[in-house]
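Please look through the sequence and the three-dimensional model shown below before reading on. The paragraphs after it are meant to be read alongside both.

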Amino acid sequence: MEGKNKDNIRFETVLNEYSIERFTIIGVLIGFVFPVLSWLVDLIINDLPLSPKGLFTIHVQNPMHFIIDGIPIVLGIISYFMAKKGESNRKFYISTIKSSVNTIKTNAELARKIGKGDFSVDIQNINVNDKLGKSLLLMRDNLIETSLKEKELNWIARGKEQVADVLRKHNNIDSLSYETIVTLIKYIEAVQGAFYLYNEDTYKLENIATYAYNRRKYLKQEFSIGQGIVGQAAFEKEYIYRKEIPNDYVTVSSGIVGDKKPSTILVVPLLSDRKLQGVLEFASLNEDLPLKTVNLINELSVIIAQTIFNLKVNIRTSRLLIDSQELTKKLQKNETELKEKAEEMIIAQKELQDSNKKLEIQFKEVERGRKRQYSLLENASEVITIYDDKGIVKYVSPSVKGILGYEPNEMEGQNRFDRGDSILQKAFNDILENPKHQRTFEYKYEKKNKEPVWLETTGRNLLGNHAIGGILFNTRDITVRKIAEKAQRMSGEMQALSENSPDMIARLSPEGKFFYVNPVLETITGLEKKYLNQKKLKEIKANEEIINFFEEGLNIVTTSEKKHKIETTLPTIDGKRIMQVNIIPEYNNENEMETILFVAHDITERKRIELEIEKKNKDITESINYAQRIQSTIIPDFNKILKVLPKSFIYYKPRDIVSGDIPWFYEKDNYVYIAAVDCTGHGVPGALLSFISYFTLNRIADHDEDFTAGEILDQLHIGVRKTLKQDQVDANARDGMDIAFCKINKKNNEVQYSGAHRPLYHICDGKLIQYKGNPKAIGGIPTRRKKEANFVNHIVNIKKGDKLFFFSDGMPDQIGGPKGRKYQARRIREVVMSNINFSMQEFGDFFKKDFEIWKGKQKQIDDVILIGIEF
């Protein structure tokens, strides 16, 4: 306010400088100056004195001076009236400027608050004629609306992120379902919820996780499809949101709220590729659920369903993999163990050679130590260590450097047991407690250079010996002995494995001399081990193919010096056998090829099974191709359709060789019938259902042309149920179909439309009108407790230029695009409306290209039908 008053005072001061009095005085002064100057000029010209007489004389001589003398009066009057008018304008300007300054101040304060995120503004302070103020208020309202939308989207994104994190962490359906329902209940602030998993064997929804009032509940519930709200949502494959809770609705009691029934419930089916995986159920005490909560659960249901589906597939795959692995495990076990033992023996042999070299160095070091210290002659090959009763090293012999790599002074004065040698510590304590007990033990030890060695130590209590005065440990390196024992043990194990292996095993020199053969070779070739031992290939009498087999293997490995793997056929006592052979070169310490090991595994039976599978696959493929030729006979001729509906297109792309989706066309008298039929599943099962739909629709359309589109679907619904025996009490076949069906009257340009789960898009006068189909499928097991509604018949009045589009769910459900999302029906609407002037041919070409681009490298997940008609 202080700044505002200062501005007003400043404006008033400027305008006050031009008041009436000042303008009048200035005018009079100007008027007097002019006649005085005129008098002075005439007095000088006429050489008259500056006196009253002189002034009188010039006035007589020049009467104009009387007129000039009146100028001050005239100017004074004129100045007065001009100042009077200026005073009125000045007041108006002051008032206008004050009002403008106040408006600017108000708008500046409003802009400042909006900039800081403060949207609390008194609208009464805004001038109704101020465009800037109105614009700022509009901007504030838009920012508030944007902020609310952003908060809602962020809330949904956070919820999806939390659930996605749960889905990533769990590979077990039970733990995943429980953690998912807990996370969602807490996030949407519900009081209870349940997770139902669809059991494809029993056709029931089973409760596997319930959470209510902040604790887990163990409820054993199950619902058939169509039973209760849970079964109804599964049957209709649509979410159910109710504020009126049924009397038989099961609720969980709480110690806080008692048996109070929830105010709202939300039941959402989990669908993956239109296939039921389970149901989520939530209950809330709130009178209403926010729309964002419903949107969040609906979006998550697809993700959760796909995760459940993937887990089920993984479980089935794991079972099949385990079965497959069990079949080959027995055959591979002996071969794997034999290879491992062979490699370990080579490593042990190399370690033994390295240890022998190091042992020679150690012997030399010991020999030098024996010369330097005669007193330790008997213990030169050992490390002698003396400890006090606290475990401190009092003395260590110089031989420690050669055996363990330490200098004596590095160990003396140190507590040996700080290194964590628990075996030494235990032995030390035992010797302290039992002075007369001598203890010998073996253990693995790490030398200074981190090289592991095996040591054998004998400990004695010589604290009472004045010469020793401590615990004496005599330690020697037994690594070579250990390696030799291991090599001997491995050699025996390998010999036993070779002798009992089901594979044929032979070891030959590079020149072809037999060093070893196992009994299997004798079984296969009939050649005895004694006969082959130490003989060359050229010296033995055997089948020429056997001789060539060994010679070729030797030649390949000696040339390449690498392991070689082949499949070959060998003659045996039992006839020709297919063998998988590994030919392995074996090297000595000088890296020279010493022997070549042949390991042949009989895979004849496996090959026979592979051929049988290949033949069966071929037979199945031929059967499916034949089924495709049969199905092609019921697919309408597109050229015939173009003759009846010249401005139309059909985009038809089956997922497999045969299809569960078919376009259907029928013409009778003045009526044209056309539909997009989407049968349950795809491939062979879907194709079988397509035949039922084709012949049933033909029979109904031919029977009575007075049937409306809705009545035709009612008849089809009944016909499919009777054909699949779904109307019987013990029925369990839930197969059926979705359909978009049009009956066109060519005379009066009227289209009747009816649909099962499928919509119709009508483009008229540049606008899109959507006709929704019934939320139920054709066929399926009926709900006994509730009467089904008939299919709705929509009347669409058509005029020239109108367009119709209808389709199966294959295109909207296709995964693809840059983010791996569904194509969606919304994209179809957007394409149609953004290219509204396209011809039907252009629409067909565009959708075909756009679908392929969207799918990219992704697998087509379902059959695709899209039909467009222009009138």
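The text below goes from the whole chain to one sheet and then to the nonpolar cores.

This is a predicted model, in which local features need pLDDT of at least 70 and side-chain atom pairs count only at pLDDT 80 or more, while totals for chains, interfaces and linings use all residues. Residues are numbered from 1 along each chain as its sequence is written, and side-chain values use heavy atoms, with hydrogens and water left out.

The protein has 22 helices and 30 strands, taken as DSSP runs numbered from the N terminus (helices H or I, at least four residues; strands E, at least two). Of its 871 residues, 41% are buried, where buried means under 20% relative accessible area, exposed over 50% and partly exposed in between, with a 1.4 Å probe and protein chains only. Among contacts (heavy atoms within 4.5 Å) between residues at least 6 apart in sequence, 59% join residues at least 24 apart.

One open sheet has five strands in the order β9-β8-β12-β11-β10, with antiparallel pairing; two strands count as paired if DSSP finds at least two bridges between them. Because β9 (393–396) and β10 (439–446) stand at the edges with a single partner strand each, one side of each is left without a neighbour in the sheet. Inside this arrangement, eight bridges join β11 (residues 452–462) to β12 (residues 470–477), and Arg460 has Leu472 in β12 as its bridge partner. Helix α12 (residues 422–433) lies across β8 (383–387), β10, β11 and β12, and runs at about 155° to β10, the angle being taken between N-to-C directions on a scale from 0 to 180 degrees, with axes fitted to C-alpha atoms, for helices over the stretch in contact.

In soluble globular proteins, nonpolar side chains tend to be buried together. A nonpolar core here is a set of buried Ala, Val, Leu, Ile, Met, Phe, Trp, Tyr and Cys residues joined through side-chain atoms within 4.5 Å. The largest such core has 50 residues, of which Trp664, Ile739 and Phe741 touch the most other members; its largest share, eight residues, comes from strand β20 (residues 671–679). A second, separate core of 32 residues includes Ile173, Tyr178, Leu197 and Val294.

Leu697, in helix α19 (residues 683–703), is buried, with a relative accessible area of 1%. Leaving aside neighbours within four places in sequence, Leu697 is in contact with Trp664, Val677, Ile712, Leu716, Ile739 and Phe741. Leu697 and Leu716 are 19 residues apart in sequence and 6.6 Å apart in space, C-alpha to C-alpha.
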